[in-house]
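Welcome! Please take a moment with the sequence and the 3D view below, and then we will walk through this protein chain together.

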Amino acid sequence: MLTQEQIQRMTQAVAEIRQRMAEAARCAGRDPSEIRLCAACKTRTVEEVRASAALDIDLFGENHVQELVEKTDAGAYCGKEGHFIGHLQTNKVNKVVGRAALIQSVDSLRLLDKIEAAAARLDLTQEILIEVNIGEEAAKSGVDVDGLWALLDQAAARPHLRLRGLMAIPPATATPDQTRAFFARMRELLTQAGERHYDNARMDILSMGMSGDYEAAIEEGATIVRIGTAIYGARDYSKH
Ligand SMILES: *Cc1c(COP(=O)(O)O)cnc(C)c1O
């Protein structure tokens with residue numbers, strides 16, 4: 001059980017985030033309703049997530065397949081969407097397809113093919129984003145910009161996938177100015193991707209921005225921001 005104090009703290013946090021999101025949107029001449037708040041809830045319990053679902057959060061993002069399964073089975077999102085935002089291993093694709101409304105972190109042809117096969121078996125259309133390794137970091141998930149176009153072409157050609165846009169996590173070591181430049185570059189890439197005019201795609205989602213940089217992300221064009229710490233507090237990995 002969460003204490004009244006914990007719930008109150010989370011309620012205030014979400015209200016403040018919403019206010020700052022709206023200000024950033026207006027600052028950029030955008031309609032605040034264009035931007036969705038994704039609660040990045042890795043390591044949070046079913047109870048915490050359920051309590052947060054009553055707040056002004058649009059959807060939930062999970063990094064670990066086991067947590068997605070546990071929280072969807074428990075109904076923790078209270079009817080809101082659950083997205084997959086973490087590194088997805090190909091051997092766990094079957095548990096995610098059809099369960100995640102959007103898989104945000106597709107970054108290889110191998111993964112694309114596994115998702116297509118699983119979606120075909122279930123006779124459904126799986127919405128996806130392609131994750132871009134925008135900082136070209138060696139040990140990071142995401143496709144490099146050089147490989148992006150070929151992967152987009154492949155994704156758009158799969159009958160059981162619907163490509164909706166791009167996702168990125170800029171390098172943790174980047175300065176605020178560098179981070180903003182990465183966000184701006186992502187916006188350009190989304191525009192270029194849209195100009196490829198795929199029949200089977202709608203390039204309208206740009207998922208970027210976390211607790212420390214979501215306002216800059218919104219000013220540069222994000223349509224989903226993924227926020228964990230600023231909603232739930234610091235993560236405690238010792239319990240896992
Ligand atoms: C954890 C995580 C976030 C949220 O990070 P915070 O700094 O806690 O807001 C966003 N996106 C992804 C992919 C994450 O893994």
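Let us begin in strand β7 (residues 201–207), where R202 is found; strands here are DSSP runs of E with at least two residues, and helices are runs of H or I with at least four, both numbered from the N terminus. Leaving aside neighbours within four places in sequence, R202 is in contact with L163, R164 and G165, where contact means heavy atoms within 4.5 Å. R202 and E127 are 75 residues apart in sequence, and their C-alpha atoms are 10.0 Å apart in space.

A word on the model: it is predicted, so local features need pLDDT of at least 70 and side-chain atom pairs count only at pLDDT 80 or more, while totals for chains, interfaces and linings use all residues. Residues are numbered from 1 along each chain as its sequence is written, and side-chain values use heavy atoms, with hydrogens and water left out.

**The whole chain**

Stepping back, the protein chain has 9 helices and 8 strands. Its C-alpha trace spans about 50 × 40 × 35 Å along the principal axes. Why does a radius of gyration of 17 Å agree with a compact globule? With 240 residues, such a globule would have a value near 18 Å, and the chain has 17 Å; the radius is taken over C-alpha atoms, and the globule rule is 2.2 Å times the number of residues to the power 0.38.

Buried residues make up 50% of the 240 residues. Buried means under 20% relative accessible area, exposed means over 50%, and partly exposed lies in between (1.4 Å probe, protein chains only). Among contacts between residues at least 6 apart in sequence, 60% join residues at least 24 apart.

**Two helices**

Helix α1 (residues 4–27) has 24 residues and reaches 35 Å from its first C-alpha to its last, close to the 34 Å expected at 1.5 Å a residue; the expected span is 1.5 Å times one less than the number of residues. Which residues of α1 are buried? They are M10, A13, V14, I17, R18, M21, A22, A24 and A25. An α-helix has 3.6 residues a turn, so residues three or four places apart point the same way. The buried residues of α1 pack against β1 (36–40), α2 (46–53), α8 (214–219), β8 (224–227) and α9 (229–232). Just after α1, G29 takes a positive phi of about 70 degrees.

In helix α3 (residues 65–73), the buried residues are V65, E67, L68, V69 and K71. Their cover includes α2, β2 (59–62), β3 (81–84) and α4 (93–96). G75, just after α3, has a positive phi of about 65 degrees.

**Three residues to find**

Now look for E136, H197 and E188 in the 3D view.

| Residue | Place | Relative accessibility |
|---|---|---|
| E136 | loop between β5 (126–132) and α6 (145–156) | 45%, partly exposed |
| H197 | loop between α7 (176–194) and β7 | 63%, exposed |
| E188 | helix α7 | 44%, partly exposed |

The phi of E136 is near 50 degrees, a positive value in a residue other than glycine. H197 is not a glycine either, although its phi is positive, at about 50 degrees. As for E188, its C-alpha is separated by 26 Å from that of P159, and the two are 29 residues apart along the chain.
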